Amino acid sequence: MPAVHHKLLLEDALQDSPQTRSLLSVFEEDAGMLTDYTNQLLQSMQRVFGAQSEMGLATEQLSRQLLDYEKKNFALGKGDEEVITTLQNFAQTVGELNSLHSVLANQMADSMVFPLIQFREKDLTEISTLKEIFGFATDEHEAAMVKYSRLPKKKENEKLKSDLVKEIAYTRRKQHQASLQYYCALNALQYRKRVAMLEPMLGYTQAQISFFKKGIELVSKKMDNFLSSVSNMTQNIQAQLDTEAEAMRASQRELLSVEDTVYMPDKDTEPVNRTLIQKAGYLNIRNKTGLVTTAWDRLYFFTQGGNLMCQPRGAVAGGMVLDLDNSSVMAVECEDRRYCFQITSPSGKTSMILQAESKREYEEWICTVNNISRQIYLTDNPEAVAIRLNQTAIQAVTPITSFEKRPEGSPNPDRAKPGGVHVASGGSQTTGAAPEPEDLIAPGTPIQFDIMLPASEFQDQNRTGGRRTNPFGETDDDFSTESDDSLLQQVFAVRFQGSMAVRCGNNQEVIYEAMRQVLAARAIHNIFKTTESHLMVTSSSLRLIDPQTQVTRISFQLGEVCQFAAHQENGRLMGFVVEGRDWSDGDEEGEPSFSAFVFESNTEGEKICYTISLAKDITEAKKDPEALAQLMKNMPLTNDGKFLLLEPETGDTTNGAEEDLESEA
């Protein structure tokens, strides 16, 4: 007997994908057809049983009628004694036949009609009941997801969020349990229906054989062997059902032994995979229902090649929604909902706003669409290309716990320092365990990707030629005095990557975390354009100058720079933290505030950090003439009395090379 090949996988019950629902509909259709057929078959068997019962009543009545012939006392009944005796013999024979028909009717009731009725009332009714329970559980889960999706982001209510999360977990577990019981019942039905079809006919045939055997030996050994094989077949199917039922029970126990976080949204423990080129899952899509009204629908989306597909529940296949080649994707704020992003076609005429269930799903969908838009899937090895592009985008993102830990083969920063002097990158060093990112930078802190100088200020600087202001309200007069007698002026070509507010300024980890978040944000939002500027380091300040107009975009007093460091792995990345004051609370002294600035230089970031460190040393040495003299004695100077920062890398240097190596004015 061949085994049952089609069954519902219990592992797919929790995901509840359209493919599983489509297969479930096949099982439900099969169960419906089986119910209709069982009812028709039961009617036929009840008719046979009724006919057999009527046959018993008819033969009983016939036997009585034959005996009543003697009691009639016909007026012309003389000479009927033989007839009466014959009829009495017939009555006895019919009576014996009546007992056989009664036994046959009872056997039909027990072995033919009753098993089919039991199958209909127990198994098929159970399927119908479980289907209703599963439907109710699904509706409750959908209603809970709708309420959770409407959870506001700006005015977040922790108690409301907690209640909704618990409600979703409860409804999801309830749906999971209902689906597991429903799936198990449908799988078992594939075995039980075979038993239900064979067992009544086996009982009917055995009853008929017993009936005939008692009357006459008409059944051959060949028929006995056939019936024996049918009986063995039924036993084998029952054994398979028992084995499968035990396996399903064990699988059900294992699947239900998971933690509650499996049922809770936004509780993902796995890291975000940014190299995906395929993605599938449920998303909320915003649809317009009127001129100004919208509605959100929860549908199943998946990617196929370069297309975004959508498959409603119950549909056999999905349909294309949008061509993702050369499309753009970005995070958006939409109707105070969380985890929303927008996909726009290359022409900009078609766009759609989607909402993910969790932060991990939200980031993976954005990365997947971004990877597909670059047509990575058309390459010979798309997974490797996606990994390589992701590594390129985040090569400087990994947090570094110690600035001084450098792997083998990396450039030695001391080669740019006169005498190989080791300089710590500013500030006091903290020890102990590395702080968490939330302790360094507040979640959701905005990032500024460019420093723009207003046109009015640029015109004012060109017109006056002297006093000029930058966007932070500082004037050139603040630096004019110290610039005239500055012992150090060094200019570096840099590209501004971004800046953001941070929570502390006494730990280098905050610079590494700012680098990670700035570069990750640029990679996610496809922001690759940067503007080249000149970073001038003097013994009193840091200035960011426009190389075309020589306009100071932004400047900082050297004393405000409380922390600076270069990235360990990407040597061209460096950053520093600036301390300011926040007077928004009305405090006369103001609360300290910190901002991190991240740059990419054409040279090693270590050189810029070394220059800033030297500038700080000069500033401190200015307070003590003897210390300043000792510092100038230990450091080589140029002909005009400025500090020579970089020694020639080769002994054969020309005048032009010396000009490149000394401090620029």
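Start with helix H10, which covers residues 509-524. At 1.5 Å a residue, its 16 residues should span 22 Å, and the end C-alpha atoms are indeed 22 Å apart, so the expected and actual lengths agree. Keep in mind that this is a predicted model. Of those 16 residues, 14 are buried, so H10 is largely enclosed by the rest of the structure.

Now on to the nonpolar cores. The largest one has 26 residues. Within it, Met574, Phe576, Phe597, Phe599 and Ile612 have the most contacts. Plenty of elements chip in: strands S8 (489-502), S9 (532-538), S10 (541-545), S11 (552-557), S12 (561-566), S13 (573-582) and S14 (591-601), along with helix H11 (605-622), each supply at least two residues. H11 gives the most, with 6 residues.

For a look at one spot in that core, pick Phe576. Leaving aside residues up to four places away in sequence, Phe576 touches Ile511, Leu542, Phe556, Val561, Gln563, Phe564, Ser595, Ala596, Phe597 and Phe599. There's also a second, separate core, this one with 24 residues, including Ala13, Leu34, Tyr182 and Met248.

What about disulfides? The count is 0. Take Cys334: its closest cysteine sulfur belongs to Cys340, but the two sulfurs are 5.1 Å apart, and a disulfide needs them within 2.5 Å, so that's too far for a bond. Cys334 is buried, because its relative accessibility is 4% and the cut-off is under 20%. Cys310 counts as buried too, at 12% relative accessibility.

Key
Residues numbered from 1 in each chain as written. Predicted model: local features only at pLDDT ≥ 70, side-chain atom pairs only at ≥ 80, totals over all residues. Heavy atoms only, no water. Core = buried A, V, L, I, M, F, W, Y, C linked by side-chain atoms within 4.5 Å. Buried < 20%, exposed > 50% of the residue type's maximum accessible area, 1.4 Å probe, protein only. Helix = DSSP H or I, 4+ residues; strand = E, 2+ residues; numbered from the N terminus. Contact = heavy atoms within 4.5 Å. Expected span 1.5 Å × (residues − 1).
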